[in-house]
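Open the model in your viewer and keep the selection box ready. We will go stop by stop.

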Amino acid sequence: MFSIDKIRADFPILKREVHGKKLVYLDNGATSQTPQVVIDTIVDYYSNYNANIHRGVHTLSQEATDKYEEARIKIQKHFNAKHPYEIILTSGTTHGVNIVASGFASILKEGDEIIVSALEHHSNIVPWQMLCEKTGAILKVIPMDEDGSLRMDIYHELLNPKTKLVFCNHVSNALGTINPIKEIIHAAHKFGAYVLIDGAQAVPHIKPDVQALDADFYVASAHKMCGPTGVGMLYGKEELLKLLPPYQGGGEMIETVTFEKTTYAGLPHKFEAGTPNICGGIAFGVAVDYMNSVGFSNIEKQENELLSYATQELEKIEGLKIYGTSNKTSVISFNLEGIHPYDVGAILDKLGVAVRTGHHCAQPIMDFYCIPGTVRASFSFYNTKEEVDVLVNAVKKAQMMLS
Ligand code: C6P
């Protein structure tokens, strides 16, 4: 049974005040809040078994190694990867994208084509531009429509035998659009192209099945799904992870080292040079368990209710425009006519409401709408209708003060 009071009690931060007002945290797209069970895991790690992993025979090192590898298995099961070693623990989505982009630098040739969507976060644009500079590959873009959906008709026209890679987010961070990634992957595979899906904004709302999707790569960050910052995952099909060269050289990613030659470790260690974020990895596994204990059908139901209620109430405000109206997660990006989004955000903060303002690291989307940015309210399953009311009243107040 989903009880919002019980859920909220799991998050100590939700009790705090900001500028003397009860905090209304609606910046979940930037980072989600952390349940007590994840906080306890972090405290337990540093209090009881902090040690380096895969290295020591001593008890603490073995305990930490076991917990870290248990976390990898939890993440593997959550995303339904075939093998635990297809899950590379990274520092986050950005790191995962860069591992793949730098790996393809030695594989792509001049004239090869790469397709990205117009809805990407900068972290799924810039690494591919850098790859194109290195290899002479050409970047093509799937354009977007006014309602925030992708022009799939044009995507199908862009695909051709020269297409080698396709990159798309599962969910847009700026608008919340849920992209038709199954269709994108299936169509790319017909031309022999590989597909990387950026799941950063999908994982708080959706439980992705990488095998059912037939994704070649899938990346995400723990901090968007109730885990800590500085840790994330890269899923890759075994044969593709074997094909790519290592991203960084260092300890842990080798089999043997001599001054003449180094041989690399197998998966997943080939991509995990140096001491990882051990505590973060373990806490990521606990966050995955927590999300599953809440249940993704409950999450979807609660967030959809908040999305429809907030949309209905915000639309009543004259001069308020919402960007992105196609099939989406619980994100509302909006502007008040004649008022800069930053000013709205600053007043909302004074009223205790945390939202993100600006271009959301997705400048091409802002350019499409010819705006400098938006105010983005992003809801989580621990938000309430009462908090939506606080948001709506705060927006009205901001409009009054700034007009
Ligand atoms: N978006 C937002 O407020 P990192 O920073 O590596 O954990 O995630 C980067 C990233 C990649 N792709 C998408 C779709 C994202 O939304 C993000 C992070 C945050 O929208 C912070 S910019």
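Start with one term: a contact means heavy atoms within 4.5 Å. This is a predicted model, where local features need pLDDT of at least 70, side-chain atom pairs count only at pLDDT 80 or more, and totals for chains, interfaces and linings use all residues. Residues are numbered from 1 along each chain as its sequence is written, and side-chain values use heavy atoms, with hydrogens and water left out.

**Stop 1: T384**

Select T384. You are in the loop between β17 and α14 (385-402). Helices (H or I, at least four residues) and strands (E, at least two) are DSSP runs, numbered from the N terminus. Which residues does T384 touch, not counting those up to four places away in sequence? They are I4, R8 and L306. T384 is buried, at 12% relative accessible area. Three words describe cover here: buried is under 20% relative accessible area, exposed is over 50%, and partly exposed is in between (1.4 Å probe, protein chains only).

**Stop 2: the two domains**

Colour residues 4-27 and 295-402 as domain 1. Give domain 2, residues 49-292, another colour. These bounds come from an automatic or database domain assignment. The domain centres, taken over C-alpha atoms, are 29 Å apart. Domain 1 brings 31 residues to the contact, and domain 2 brings 31 residues.

About 2400 Å² is buried between domain 1 and domain 2. Carbon and sulfur atoms give 59% of that area. Buried area is the accessible area (1.4 Å probe) that two parts lose on being put together, summed over both. Now select F296, T329 and I365. Together they supply 27% of the area that domain 1 buries against domain 2, more than any other three residues.

**Stop 3: salt bridges**

Side chains of opposite charge can pair when their charged atoms come close. A salt bridge is a side-chain nitrogen of Lys or Arg within 4 Å of a carboxyl oxygen of Asp or Glu. How many salt bridges does a search of the whole structure find? The search finds 14. Between domain 1 and domain 2 the count is zero.

Select R376 and D27. They form a salt bridge, and their closest N and O atoms are 3.5 Å apart. R376 is in strand β17 (residues 374-378), while D27 is in the loop between β3 (24-25) and α2 (36-49). The pair links distant parts of the chain, 349 residues apart. Are R376 and D27 buried or exposed? Both are buried.

Next, select R55 and E252. Their side chains meet in a salt bridge, 3.9 Å from N to O. R55 sits in the loop between α2 and α3 (59-79), and E252 in the loop between α9 (238-243) and β11, so the pair ties together parts 197 residues apart in sequence. R55 is partly exposed, with a relative accessible area of 40%.

Move to helix α9. The side chains of E238 and K242 meet there in a salt bridge, 2.7 Å from N to O. Why are these two residues separated by about one helical turn? Because E238 and K242 are four residues apart in the helix. K242 is exposed, at 53% relative accessibility. Then add E69, R72 and E272 to the selection. Salt bridges that share partners join these three residues into one network.

**Stop 4: backbone surprises**

Most residues other than glycine have a negative phi, and most peptide bonds are trans. Go back to E252 and check its phi. The value is near 80°, positive in a residue other than glycine. Now select H19, in the loop between β1 (17-18) and β2 (21-22). Its phi is positive too, near 50°. H19 counts as partly exposed, at 46% relative accessibility.

Then find the bond from L267 to P268. This peptide bond is cis, with omega near 0°. P268 is in the loop between β12 (262-264) and α10 (278-294).

**Stop 5: the outside**

Turn on the surface and select E133 in helix α5 (residues 126-135). E133 is exposed, at 71% relative accessibility. Add E110, 23 residues away along the chain. The two C-alpha atoms are separated by 9.7 Å.

Finish at V257, in strand β11 (residues 254-257). V257 is exposed, with a relative accessible area of 53%.
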